[in-house]
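The following report describes a protein chain together with its ligand. It proceeds from the overall fold to the core, the strand pairing and the ligand shell.

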Amino acid sequence: MVRLQVLTADDWPLWREVRLAALTDAPHAFKATLADWHRGGEERWRARLTMPGAFHVVALQDGRAVGVAGGVPGADGVRELRSVWVGPEARGLGVGDLLLAAVEGWARRSGGTTLKLAVFPGNDAAIALYRRHGFADQSVDGVTGEQVMVKALHRAAGGP
Ligand SMILES: CC(C)(COP(=O)(O)OP(=O)(O)OC[C@H]1O[C@@H](n2cnc3c(N)ncnc32)[C@H](O)[C@@H]1OP(=O)(O)O)[C@@H](O)C(=O)NCCC(=O)NCCS
């Protein structure tokens, strides 16, 4: 059974655990490196969780963290999907779907109109997940070479 836990600043040890697991397992998938995150200690981990308007969620299986995703607010209704990772033992089971749905829900509730992400070319598992969730290619980041993908967040008819 997989359940999701939305993180608060006091959950920084869990955020650290799952983020370090992600960066160790899949360093090719992220711009950040293990060395970046090891600097700064507790304050660095807390800072991300207390970033105004940000959202972080962890997937737990039998109490163990097996996945993570985050969302940060940008300008003009843009919300960025960040830090998506599912542990190798939990892949192909729909955990990525749960995490993406949670971040999309946050993006909509917080008034976002576009959900945006960046993924390195060749990361086929991630790209397949994002396409299935309705993301389309927008551009290529000229600095990092990442593919930028976006999804328009339409409000439900009759909704607030
Ligand atoms: C990308 C990732 C989050 C997908 O998580 P997931 O929960 O396995 O997602 P899904 O079950 O929806 O699978 C997504 C795709 O992964 C592939 N996949 C399925 N089972 C898999 C398995 N057991 N092992 C590896 N890849 C698998 C498939 O291509 C699938 O796409 P499809 O359903 O259209 O065929 C996960 O593979 C991961 O964390 N990878 C390393 C970190 C990473 O790349 N993060 C994204 C940074 S932008």
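## Fold, core and ligand shell

In this predicted model, buried residues make up 29% of the 160 residues in the protein chain. The chain holds 5 helices and 7 strands, and from the N terminus on their order is β-α-α-α-β-β-β-α-β-α-β-β. Its radius of gyration is 15 Å, close to the 15 Å that the globule rule gives for 160 residues, so the chain is as compact as a globular protein of that length. Along the principal axes, the C-alpha atoms fill a box of roughly 40 × 35 × 30 Å. Of the contacts between residues at least 6 apart in sequence, 59% join residues at least 24 apart.

The largest nonpolar core has 32 residues, of which Val57, Val68, Ala69, Leu99 and Val103 touch the most other members. Two or more residues of this core come from each of helix 1 (12–25), strand 2 (55–61), strand 3 (64–73), strand 4, helix 4, strand 5 and helix 5. Helix 4 provides the largest share, 7 residues. Leaving aside residues up to four places away in sequence, Ala69 touches Val57, Leu81, Ser83, Val84, Leu99, Leu100, Ala102 and Val103.

Strand 7 pairs with two other strands, as tabulated here.

| Strand | Partner | Sense | Bridges |
|---|---|---|---|
| Strand 5 (residues 114–119) | Strand 7 | antiparallel | 6 bridges |
| Strand 6 (residues 136–140) | Strand 7 | antiparallel | 4 bridges |

In the pairing with strand 5, Thr114 stands opposite Ala152 of strand 7. On the side of strand 6, Asp137 has Met149 of strand 7 as its bridge partner. The hairpin of strand 6 and strand 7 has 6 residues between the strands, and Gly145 in this hairpin takes a positive phi near 80°. Side chains alternate along strand 7 (residues 147–152): Gln147, Met149 and Lys151 point to one face and are buried, whereas Val148, Val150 and Ala152 point to the other and are not buried.

The ligand is surrounded by 19 residues, the closest being Arg91, Gly92, Gly96, Ala125 and Ala128. By class, this shell comprises 12 nonpolar, 4 polar and 3 charged residues. Strand 4 (78–86), helix 4 (95–109) and helix 5 (124–132) each supply at least two residues of the shell. Which element gives the most to the shell around the ligand? Helix 5 does, with 5 residues. Strand 4, helix 4 and helix 5 thus appear in the shell and also among the elements that give two or more residues to the largest nonpolar core.

Note on methods. Residues are numbered from 1 along each chain as its sequence is written. This is a predicted model: local features need pLDDT of at least 70, side-chain atom pairs count only at pLDDT 80 or more; totals for chains, interfaces and linings use all residues. A residue is near a molecule or strand if its C-beta atom, placed from the backbone, lies within 6 Å of it. Ala, Val, Leu, Ile, Met, Phe, Trp, Tyr, Cys and Pro count as nonpolar, Asp, Glu, Lys and Arg as charged, and the others, Gly among them, as polar. A residue is buried if 20 or more other C-beta atoms lie within 10 Å of its own, exposed if 12 or fewer, and partly exposed in between; C-beta atoms are placed from the backbone. Two strands pair if DSSP finds at least two bridges between them. A nonpolar core is a set of buried Ala, Val, Leu, Ile, Met, Phe, Trp, Tyr and Cys residues joined through C-beta atoms within 7 Å. Two residues are in contact if their C-beta atoms, placed from the backbone, lie within 7 Å. The radius of gyration is taken over C-alpha atoms; the globule rule is 2.2 Å times the number of residues to the power 0.38.
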